[in-house]
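Got a structure to poke at, and some labels to justify. Let's go through them one at a time.

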Amino acid sequence: MLPEPFTPEFLTQLETLRLRTRKEFLGSHTGSYSSPRRGTSLEFADYRRYSPGDDLRYLDWGIYARTDRLYIKVFREEVDLFAYVFIDASASMAFPSTQEKFLPATHIALALSYVILANHDHVKLHLLHGESMGPASPFYRGRRRMADCVRFATSLEPRGLLDLAGSLGEHLKKLRRPGKAILISDFLMPAQSYQRGLNLLRALNLDIAVIQVLSRPEIDPPFTNGGLNLVDSETQGEIRLQWSARARQEYRTKLAHHNSELRSFCHQSGIHYSIYVNDRDLSNFVFATLPAIGLFK
Amino acid sequence: MEFLNPAALYGLFLLPLLLIPYLIRRKPRRVVFSSLLLFIEHGGQAIAKPWGRLRLPPIFFLQLLLLLLLILALAEPVVSVRLSNIAIVMDNSASMQALEDGAARVALARDQARRVLGDLSANGKVDIFTIVPQLQKINNEPVSPSDALGLLAGVEPDDLADTPANYGDVLNQLTANQKYERVYFITDRPLRGQSDVIRVLTVGKPRDNLAITAFSVSPSSLVNRRLEASVEVANYSGQDQRVTVTIRDDGSGSALASRELKIPARRTASATFQGLSEKPYYTAEIDATDALTLDNRQYAVAANARSLKILAISPRPQALNSLRMIPGISLTIVAPEEYQQTDRSGFGLEIFHYSAPALLPLNPSLLVLPPDSNPVVKLGNPITRPVASGWRESHPLNRYLNLTLFRPAYARPLVPQTAGETIIETVQGPVAFTIEHQGKRLLVLGFDPFPYLGRENLPMSIFTLNFLDWFISASGTKGRATGEPVALAAAPRESILTTPRGGKHVVKPASTSFTKTFYQGIYQLNRGSDRQLLAINYQSASESDLQHSKPIELKPTESAIQGGSTLFSFWPYLVLASLLLFIIEWFFVPPVNRRQLLAAAPGPKLS
């Protein structure tokens, strides 16, 4: 049973999309993504000198006529894609509630997964929380595995404190095939923390996309003016402050600066970046925003 | 501006309590948020300082003002419009001699009076009063402030205790009668209550003090001529004290006897000195260095001998003749009809035996089975050999007396017609009854103790010696308190009475008392070649107790309120302003909104 947004129409629309990569990876099967290896696709890649034993069908007879030399046409190999979807499952993703933040994040992940599965590519879901390695699904391939993806993504409640670099590092230790990495998180963590995590992904030569998911109360806290005893959902740390219009404005400025810093880092690092706020329409985000940043072909 | 009820100003300390509801309302709501990253500044501080700046709504300041006005209204602020006619009542009781850091309280009181007079207009009129021996004005006509200062310089405390008057009433009466705009009472007693016209200015603080409260020198009994001194010392402090009591011959100043005495806190202790040599008068001193030195010394006069001069009036003189066998007794017997013509001066006791005077005599008297025409008692039916059914315990008249053996052959129970004390009582009624009349002792017996038979009738003889001793002690050497009148025996001519401070007073032949005993010491009465010494001592426990002075109760009376016309009181305006503010506050925050505000005070948890 698929979640509510995954209507037949939505799924049909998703099937029209294809994930785009900016890097070439070595696939395991023939697929639709170019590989650094030469193969038998229709896309011409290069010439090379004929060697005995080469298939005479690929001889370029025009060059032979002009230069009296034998050259063989070489084509690119097209392979399938291995995609890794990392979902932040820390306690902050349950603010203000699991349904309002974590669930939209999983829906985005599932939508991306369906796009991948529909193209007969491989997708693997990773849930990030704590410092250790969180649960990770096996590679799924084919749209019939969508139910498994849904089951896995909804199997866990967000909880605990996330050390992004630490948790990612544990997951990446077992990653053998390069591919596309999509990280879905609120990124409400110090810049050094997410930068170290994203650099780990970059070090593995993954084509990275980042989707920041925020809830509306995080953008515009609904506090009334007065004394507040704020508790961090992850660390349970407390601070007391006096909430006022000025403090609200200051918070907004800091959030904008924080997001801008994240976006800037992603831009400099060749990472696709997009932000999703939970009160936004999911299909609009998937079919308008994500193609706009170059995530889909 | 002054406050008639300054105690209400302590309410100002309660004003900060008004913050409590706002602080409770401001109690931070506990809200879980996804991450506090963006609330923490670079240095780890909160965006806003913890608690932030105390932001109070305007309604708080309105309520603060409202409370402030109410407290000020309770304090009853008044503004003196003008003062031109005041009275200064100086406490000149003995406790004003107490020292406060080297200065007498009376000097501090003068300083206070100087300040009061300094605030008075130059053409103001002042009356000066002192309170002992009674409230009296020391100036005939109202004086100017500068003249009042001169008068006050001459006010010295007497050795007199404060009168037990209700000064609140007395001063209110004074204010009403004399129409003073303000009366300043400068005293060392604390104040309780308040009045808008009467101002009590208290000088001095509670102090530790030791005092000799009793001192007497007398022969130990009628027949024993050895002198015995008894001294009682009171400790009016919170800790035990040890003092040395010294008995001196006041003439030469030499010490006759001395003893160390330990006195528990807030208690008294007494010492007895026996075998004193005969001196004209004696002084008892304690070596305490306390606040009030006046009560560290007392005086006493010892009789040269225990003698009693008796005038007996009896139709049966034979029975009374037996008294002559008692040492120290000199007896004159007259018939009842000769009594009026008899010169009664110089007699220490008049015995009316089966007779009675028309009026009570001025000398101490004994009435034995008086006729029914006497003014003191009625006599009941005769009884024979009555048994004593009750008696006054530890009374000098019952001393050494076994009343079970005390059975007179004939008696008539007494029916007292005046207040007195029953000494011996039978089933039928009292048979011995004493009265104090104008400082004189009167004993009425319903039986005849005469003749004096010595050992042959021991109970009756002991009783006879007891009442003779009792009469001697009354007329004897025991010191009197300052302020008490001294009873004088009738004299044929004028006498001179010299006070301890050298003042001389002429005593008329008809004078029966001397009242100006304002100073402690030895008073000397010279009647020709006769010289009589009187010891007058300052004896006031309430005045010597400098720790617990009785407060002065002031109650505003109608007359006092009328007299307060010079004070403009504006507390009603403050109350009106408070009401107005209350209405404004009601308008801004009606109770419904208030409840909503309070209900909404704890913020909702967002997760």
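**Why the labels fit**

In this predicted model, B:Leu367 stands opposite B:Val444 in β30(B).

Q: What makes β22(B) and β30(B) paired strands?

A: Two strands pair if there are at least two bridges between them. Strand β22 (residues 365-368) of chain B and β30(B) share four bridges, so they pair, and the sense is parallel.

Q: What is the order of the sheet of eight strands in chain B?

A: The order is β20-β19-β21-β22-β30-β29-β28-β25 in chain B; the sheet is open and its pairing is mixed. At its edges stand β20 (329-334) and β25 of chain B. The twist from one strand to the next averages 15 degrees.

Q: Why is one side of β20 and of β25 in chain B left without a neighbour in the sheet?

A: Because each of these two edge strands has a single partner strand.

Q: Why is B:Asn537 called buried?

A: Buried takes 20 or more other C-beta atoms within 10 Å. B:Asn537 has 27 C-beta neighbours inside 10 Å, so the label holds. B:Asn537 lies in strand β37 (residues 530-537) of chain B. The C-alpha atoms of B:Asn537 and B:Arg297 are separated by 8.5 Å, although the two are 240 residues apart along the chain.

Q: What share of chain B is buried?

A: Of the 607 residues in chain B, 37% are buried. Chain B has eleven helices and 39 strands. Among its contacts with a separation of 6 or more, 68% come from residues 24 or more positions apart.

Q: Why is B:Arg385 called exposed?

A: Exposed means 12 or fewer other C-beta atoms within 10 Å. B:Arg385 has 9, so exposed is the right word. B:Arg385 sits in the loop between β24 (383-384) and β25 (388-391) of chain B.

Q: And why is A:His120 called partly exposed?

A: A:His120 has 15 other C-beta atoms within 10 Å. Buried starts at 20 and exposed stops at 12, so A:His120 falls in between. A:His120 is found in the loop between α3 and β4 (122-128) of chain A.

Q: What makes the phi angles of A:His120 and B:Arg385 worth flagging?

A: Most residues other than glycine have a negative phi. Phi of A:His120 is positive, near 60 degrees, and A:His120 is not a glycine. B:Arg385, also not a glycine, has a positive phi of about 40 degrees.

Q: Which peptide bonds before A:Pro96 and B:Pro451 are cis or trans?

A: Most peptide bonds are trans. A cis bond joins A:Phe95 and A:Pro96, with omega about -5 degrees. Another cis bond joins B:Phe450 and B:Pro451, with omega about 0 degrees. A:Pro96 is in the loop between β3 (82-88) and α3 (98-118) of chain A, and B:Pro451 is in the loop between β30 (440-445) and α7 (458-475) of chain B.

Q: How do you know that the buried residues of α4(A) line one face of the helix?

A: The buried residues of α4 (residues 146-153) of chain A are A:Cys149, A:Val150, A:Phe152 and A:Ala153. Seen down the axis, they fall within an arc of 165 degrees, so they line one face. Turned away from that buried side are the exposed residues A:Ala147 and A:Arg151.

Q: What do the buried residues of α4(A) pack against?

A: They pack against β3, α3, β4 and β5 (140-141) of chain A.

Methods: Residues numbered from 1 in each chain as written. Chains lettered and ligands numbered in written order. Predicted model: local features only at pLDDT ≥ 70, side-chain atom pairs only at ≥ 80, totals over all residues. Arc of directions from axis to C-beta. Contact = placed C-beta atoms within 7 Å. Axes fitted to C-alpha atoms, helices over the stretch in contact; angles between N-to-C directions.
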